[in-house]
Amino acid sequence: MVLSKTASESDVSVHSTFASRYVRSSLPRFEMLENSIPKEAAFQIINDELMLDGNPRLNLASFVTTWMEPECDKLMMAAINKNYVDMDEYPVTTELQNRCVNMIAHLFNAPLGESETAMGVGTVGSSEAIMLAGLAFKRKWQNKRKAEGKPYDKPNIVTGANVQVCWEKFANYFEVELKEVKLRAGYYVMDPEKAVELVDENTICVAAILGSTLNGEFEDVKRLNDLLLEKNKKTGWDTPIHVDAASGGFIAPFIYPELEWDFRLPLVKSINVSGHKYGLVYAGIGWVIWRTKEDLPEELIFHINYLGADQPTFTLNFSKGSSQVIAQYYQLIRLGYEGYRNVMENCRENALVLKDGLEKTGRFNIVSKDNGVPLVAFSLKDNSCHDEFEVSDMLRRFGWIVPAYTMPPDAQHVTVLRVVIREDFSRTLAERLVLDITKVIHELDALPAKLSAKITVSSEEKVKNGTVVKKTALETQREITDVWKKFVMARKTKVC
């Protein structure tokens, strides 16, 4: 959900040139029409506006899948009118979800017997999956504390400062203190030693990230498990681990099979993964798997019967589409272990091509690691005259969407650009991106450096409530970027 905010306040009407074949009057922008309009006109009006969206294939900020095979597209369209929650009406769809849960549980080495079924559920992305896993940890911790006659009103969860915003949402929405391990320059993931130091009797779990959003790096879950086992033995606690494998869960099993991060480690009690990232499904599907049935408190499972049969359910929402579940099953049986390994290895190789190309320019430091999610995070070696935000802005001229951002505390002085390598990002595109980045750097080099210096000096201070205060580094950086952008665009020549 995005809070409602209009892009333009200048006009209350929607105009369309092509739709004038069917309608001559303008449409109100924020109110419903009194009468209907032809379907052709409605299509054309919307289609015209959507042309201004970015190209998903060139959106290198996103981890989310932007291409699937036409056969899978057909299956998804055929199921687009099925509400997944109607399990009794659509039993085959429910069966496909259960197959996916068990396939993923086996992929993560869940300790299942031959006839034992896995405990897990499909969700709307990893955000819902993390909420469900967090609720299970909180309830188990509360139940234990109640049984021991101890206070249970101050739960906390330990994470790194590099966690995705959904962890902050969980902590805020469900009243759990978030204890974050700060980052430092050169080390942009959670330090296991420092994480275990923050654990106390009120810690419901430690969350490890298999594939940091910031630089793709895998956190050392094995080291965390060993340290936590030692602390639990000394204290008598049984603090568990949750692995947020949103990005890396469909990568590590195929190209790093020897890496121990999953249910092979005894303290890992639940894992979430995004099917719509490297699970290779369009946006809208995630999964959460529990180690055993005992790790999901029974009181969190609701049983409903007003749709035709008894249906156990553990979700935050109710209705949702069936298409993504069917698409996930398609990918699992279509690709198999071999197919997923080929895709992930190809992504890794293309990431190395991009990394090598950037290093050859001599202008960038590589922040990401070779082992991890196939992405390249990089920063300018010298940003005294121009910075990463300017590079990001100017790359838009070539169609590329490459995000620039500052690292979390205590590495917020580091700014990086990040390119996520997905299945549809070819070696040719990687080579083309390096050429366009080189062009941008050369254009920035040609601009007068004094302009940047002047802006920096004038931007160091601002007036707030009549008092002169120093601007933050990020405020100064963004102001410089805005002025540079205007300056560059004023000099811009037409590009064919």
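Two strands count as paired if DSSP finds at least two bridges between them. Strands (E, at least two residues) and helices (H or I, at least four) are DSSP runs, numbered from the N terminus. With that rule, an open sheet of seven strands appears here, with mixed pairing. This is a predicted model: local features need pLDDT of at least 70, side-chain atom pairs count only at pLDDT 80 or more, and totals for chains, interfaces and linings use all residues. Residues are numbered from 1 along each chain as its sequence is written, and side-chain values use heavy atoms, leaving out hydrogens and water.

**The sheet**
- The strand order is β3-β9-β8-β7-β6-β4-β5.
- β3 (119-123) and β5 (177-181) are the edge strands, and each pairs on one side only.
- From one strand to the next, the twist averages 20 degrees.

**β3 and its partner**
- β3 and β9 (residues 286-290) run antiparallel, joined by five bridges.
- Val121 has Val288 in β9 as its bridge partner.

**The helix on the sheet**
- Helix α3 (residues 91-107) packs on the sheet and touches β3, β8 (268-274) and β9.
- The direction of α3 makes about 60 degrees with that of β9.
- Axes are lines fitted to C-alpha atoms, for helices over the stretch in contact (heavy atoms within 4.5 Å), and angles run from 0 to 180 degrees between N-to-C directions.

**The whole protein**
- The protein has 13 helices and 17 strands.
- Of its 496 residues, 49% count as buried, meaning under 20% relative accessible area (1.4 Å probe, protein chains only).
- Among contacts between residues at least 6 apart in sequence, 69% join residues at least 24 apart.

Conventions:
Buried < 20%, exposed > 50% of the residue type's maximum accessible area, 1.4 Å probe, protein only.
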